[in-house]
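Me: I would like to learn how to read the strands and helices of a model like this one, step by step. Could you take me through it?

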Amino acid sequence: MLLPSQEYLPEQYIPFKIAIGISFLLKLISTAIMVYKQSSCHIYFLDWEPPRKYESKEEDKVWRTLFVANEFNELSVLRTISVEWSLFFLGLFMSGFEWENTAAQQPTIHRELNTDSVKINIVLKLFIGCGIFYVIGLAQIILRQLIKIWFPYNIQDFTDFCSVANISIFIFDDYLHGYYVHGQSPDKYAEGNALWLMQCLGDDIGHGDFLTNIFGQNALQQQQQMMNNSLLNRIA
């Protein structure tokens, strides 16, 4: 049983063309609604970093917050399925392997098809193209799930990044609904000077007098005083 010819019975395909137009219009409206919802969200970045003794209370460090906000903004263009690779493989199967010949009025798997005598049916071509595109996307999702142990999702890396930066995120997409990304670091601080880093190194190896053994008590106090004076001069 063959499909009606597009050349002699074009009225048979009018409902199909109308359905495609309505689908495109509804998808356009859905995209506009999604953009409106995303632009209406209220996003707050909570910095858990406590002030230091040598820092002025008026000093406001926002570089970590700006860094996290920039990474958060870049997540909006990341996808699990690569559109470029999907279109590449779709063209490879449809044109390279000539699977589009199966969408002819008289389907065939032969590579050579006389398009003058045998026309391509638009309904079959759409069905075959959508089916191949769906399988390609499904294969990418399965492959992504298999390699996520070695290559985590971007949202997982971003959550770890928030923990390193000691910044949490509140996302309110409705009046009484939202999301929370807990980024409070297990450590008290996310940034520090060289002496603080060396002190943490001493704590990790189990020697509380790590700095004293290296520099001596007097040299350590002098170094700390010099760094504090330098920071106070910058603030002033």
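Reply: What follows goes through the sheet, then the helices that lie on it, and then the helix pairs, in a model that is predicted.

Me: How many strands form the sheet, and in what order do they stand?

Reply: As a general idea, the strands of a sheet pair through backbone hydrogen bonds, either parallel or antiparallel. Here 3 strands form an open sheet in the order S1-S2-S3, and the pairing is antiparallel. Strand S1 (42–47) and strand S3 (177–181) each have a single partner strand and stand at the edges, so one side of each is left without a neighbour in the sheet. From one strand to the next, the twist averages 15°.

Me: Over how many bridges do S1 and S2 pair, and which residue of S2 does Tyr44 stand opposite?

Reply: S1 pairs with strand S2, residues 167–174, over 6 bridges in the antiparallel sense, and the residue of S2 opposite Tyr44 is Phe170.

Me: Which helices lie across or pack on this sheet?

Reply: Helix H2 (residues 63–74) lies across S1 and S2 and runs at about 140° to S1. Helix H5 (residues 154–165) touches S2 and S3 as it packs on the sheet, and its direction makes about 130° with that of S2.

Me: Where does UniProt place the transmembrane region feature?

Reply: An annotation of this kind comes from a record, and it can be set beside the model. The unreviewed UniProt entry places "transmembrane region" at residues 12–36, 77–97 and 122–143. In the model, residues 12–36 are 92% helix and 0% strand, with end C-alpha atoms 38 Å apart, while residues 122–143 are 100% helix and 0% strand, with end C-alpha atoms 31 Å apart.

Me: At what angle do the axes of H3 and H4 cross, and which residues make the contact?

Reply: For a helix pair, one reads the angle, then the residues in contact. The axes of helix H3 (residues 83–96) and helix H4 (residues 122–146) come within 10 Å and cross at roughly 135°, which makes H3 oblique to H4. The crossing of H3 past H4 is right-handed. Among the residues making the contact are Phe89 and Phe93 of H3 and Ile132 and Phe133 of H4; the residues of this contact divide into 9 nonpolar, 3 polar and 1 charged.

Me: How do H1 and H4 pack?

Reply: Helix H1 (residues 14–39) and H4 pack at about 40°, their axes 11 Å apart, and that makes H1 oblique to H4. Phe16, Lys17 and Ile20 of H1 meet Ile122, Val123 and Leu126 of H4 in the contact, whose residues divide into 5 nonpolar, no polar and 1 charged.

Technical notes:
Residues numbered from 1 in each chain as written. Predicted model: local features only at pLDDT ≥ 70, side-chain atom pairs only at ≥ 80, totals over all residues. Heavy atoms only, no water. Pairing = 2+ DSSP bridges. Helix = DSSP H or I, 4+ residues; strand = E, 2+ residues; numbered from the N terminus. Axes fitted to C-alpha atoms, helices over the stretch in contact; angles between N-to-C directions. Contact = heavy atoms within 4.5 Å. UniProt positions renumbered as here; feature names shortened; annotations may be inferred. Parallel < 35°, antiparallel > 145°, perpendicular 65-115°, else oblique. Left-handed = near helix turned anticlockwise from the far one by under 90°. Nonpolar A, V, L, I, M, F, W, Y, C, P; charged D, E, K, R; others polar.
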